[in-house]
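Welcome! Below are some short exercises to work through with the sequence and the model side by side. Try each task yourself before you read its solution.

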Amino acid sequence: MKHRAVGAVLFGGGVLLLALAAGLVFVVKPAMTKLPYDLDSSTSVAEAKGATFLQITNGAVAINQGDLRSTVQVTPERAKTAALSGDLAGDAVVWRVGQTVERTDSKELVSAYGAELALDRVSAAAVDWNEQFLDESGTPEKVAFAGQVYKFPFDSAQGNYEVFDRDLRQTRMAEFKGTEEINGVEAYRYEQVITDEKLPLATDRVGLLLGALAPGSTSGDVVYSNTRTVWVDPVTGSYLKVREQQKKVLVPNTGTPVTLLDADFSYNEETVASSVDRAKESRNQLNILGVFAPLGLAVLGLVLILVGLLVSRTRRPATVARHAAADPAPTRVDQPPVRDDAREGGPLTDEIPPASTNWKSEESTVPSQRSAQGESEKQ
């Protein structure tokens, strides 16, 4: 019975391994392809060489030139995420984002903004949240974030995505343009082109710019263009590299247009390297828990099940031999050994011949004749 018990154990172990493999595929991996609650803060740095930019210092407006450095920091708001209710509870996370742009030479601050928004954990797109805001001037402004903002979905598609533009306060389509390799990782390249669109600026702010840069004009607009290119890791949806070719021009109703910004921002090498490293680490975790581990467990489980079935159905030769030795074939005790010699007058038989047969009579008379001869000699 031991072999049957061993077979049952092997079969049960195989079934358990198959269940574990299914759990990794259908439970663990889907959980890993969501924005986590405990995401670490991240910082990205983009630089623009020889930029033209507007700088306001103590109320003085000036157009300067130089190198710029943009720093964006994303920090998960765990407490606010835990406080989400309704449809957002469990399905969204809250991020706080801050950006500063400073001159590389003097470290003077050129611009800054802060924002808080909620993102869907699966699509990474912004979702409607009552407490979301954007602050560019010290006063939080209600903004309806939408589309992809700082991340693309896990398993990004080779298609188009709506990407939010902070200056326009709206989304514009980013088109898939192909694949490229970034530091050894295949990336999907998406391109969003914005051409000569009017910015929704407050009237007093436009008036300040007109008074300082276009005297004599009574009205005007700021026209905005941007070619935004993002290289996305298709597995995790994270940005590996970002480039923004921005241009803002003040167009007064009279006078010459004035360039407020002409800059080509791109992630520096350190940011690209760290972004690729994070993507590789996440990819490895997804591959191990979502592909290799389930496959290995499934194969091992099937092997154990087959071995268990074979062990349960196979009897050991030693066991059969012991049974044979313990139960020998019965022997008929009423039969004499078979004679090997052939008898005259008929075939061999196992029966005892009757006493009246000729050969038996002759054999029995020999001693009598010899005895009679002995008696006569003695006399």
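**Exercise 1. Find the partner of Arg169 in a salt bridge, and work out which parts of the chain the pair ties together.**

Solution. Keep in mind that this is a predicted model.

Step 1: Look around the side chain of Arg169; its salt bridge is with Glu141, and the closest N and O atoms are 2.9 Å apart.

Step 2: Place both residues. Arg169 sits in the loop between E7 and E8, while Glu141 sits in the loop between strand E6 (133-135) and E7, so the salt bridge ties together parts 28 residues apart in sequence.

Step 3: Check the surroundings of Glu141, which is partly exposed with a relative accessible area of 35%.

Step 4: Turn to the backbone of Arg169. Its phi is positive, about 65°, although the residue is not a glycine. Most residues other than glycine have a negative phi.

**Exercise 2. For the salt bridges Arg189 with Glu191 and Asp221 with Lys198, decide how buried or exposed each partner is.**

Solution.

Step 1: Begin with Arg189 and Glu191, whose side chains meet at 3.9 Å, N to O. The cut-off for buried is under 20% relative accessible area. Arg189 has 19%, so it is buried. Glu191, at 23% relative accessibility, counts as partly exposed.

Step 2: Move on to Asp221 and Lys198, where the closest N and O atoms are 3.6 Å apart. This pair links distant parts of the chain: Asp221 belongs to strand E10 and Lys198 to strand E9, 23 residues apart. Asp221 is partly exposed, with a relative accessible area of 33%, whereas Lys198 counts as exposed at 57%.

Step 3: Look for shared partners. Glu136, Glu141, Arg166 and Arg169 are joined into one network by salt bridges that share partners. A search of the whole structure finds 17 salt bridges.

**Exercise 3. Which residues of helix H3 are buried, and which exposed residues lie on the face turned away from them?**

Solution.

Step 1: Pick out the buried residues of H3 (residues 203-213): Val206, Leu209 and Leu210.

Step 2: Look down the axis of H3. The buried residues fall within an arc of 100°, so they line one face of the helix. In general, an α-helix has 3.6 residues a turn, so residues three or four places apart point the same way.

Step 3: Turn to the other face, away from the buried side, which carries the exposed residues Asp204 and Gly211.

Step 4: Ask what covers the buried side of H3. The cover includes strand E1 (42-57), strand E10 (220-232), strand E11 (239-252) and strand E12 (258-267).

**Exercise 4. Which residues touch the most other members of the largest nonpolar core?**

Solution.

Step 1: The core has 29 residues, and Leu68, Phe152 and Tyr190 touch the most other members.

Step 2: See where the core comes from. At least two residues each are supplied by E1, E7, E8, strand E9 (185-198), E10, E11, E12 and H4.

Step 3: Trace the neighbours of Phe152. Leaving out residues up to four places away in sequence, Phe152 touches several residues, including Ala124, Tyr161, Val163, Tyr190 and Val230.

Step 4: Look for another core. A second, separate one of 17 residues includes Leu35, Tyr113, Val143 and Phe164.

Step 5: Come back to Ala124, in the loop between strand E4 (109-120) and strand E5 (126-127). Ala124 counts as buried, at 1% relative accessibility. The phi of Ala124 is near 65°, a positive value in a residue other than glycine.

**Exercise 5. Where does Gly114 lie, and which residues does it touch?**

Solution.

Step 1: Gly114 lies in strand E4 and counts as buried, at 18% relative accessibility.

Step 2: Beyond residues up to four places away in sequence, Gly114 touches Val97, Gly98, Phe133, Leu134 and Asp135.

Step 3: Take Phe133 from that list. Gly114 and Phe133 are 19 residues apart in sequence and 8.3 Å apart in space, C-alpha to C-alpha.

**Exercise 6. Which residues make a nonpolar surface patch of about 320 Å²?**

Solution.

Step 1: The patch is made by Leu295, Val299, Val303 and Val307.

Step 2: Take Val299, which lies in helix H4 (residues 269-313) and counts as partly exposed at 47% relative accessibility.

Technical notes. Residues numbered from 1 in each chain as written. Predicted model: local features only at pLDDT ≥ 70, side-chain atom pairs only at ≥ 80, totals over all residues. Heavy atoms only, no water. Buried < 20%, exposed > 50% of the residue type's maximum accessible area, 1.4 Å probe, protein only. Helix = DSSP H or I, 4+ residues; strand = E, 2+ residues; numbered from the N terminus. Arc of directions from axis to C-beta. Contact = heavy atoms within 4.5 Å. Patch = residues over 30% accessible without salt bridge, like charges linked within 9 Å, V, L, I, M, F, W, Y side chains within 5 Å. Areas by Shrake-Rupley, 256 points an atom, 1.4 Å probe, with all protein chains shown as cover. Salt bridge = Lys/Arg side-chain N within 4 Å of Asp/Glu carboxyl O. Core = buried A, V, L, I, M, F, W, Y, C linked by side-chain atoms within 4.5 Å.
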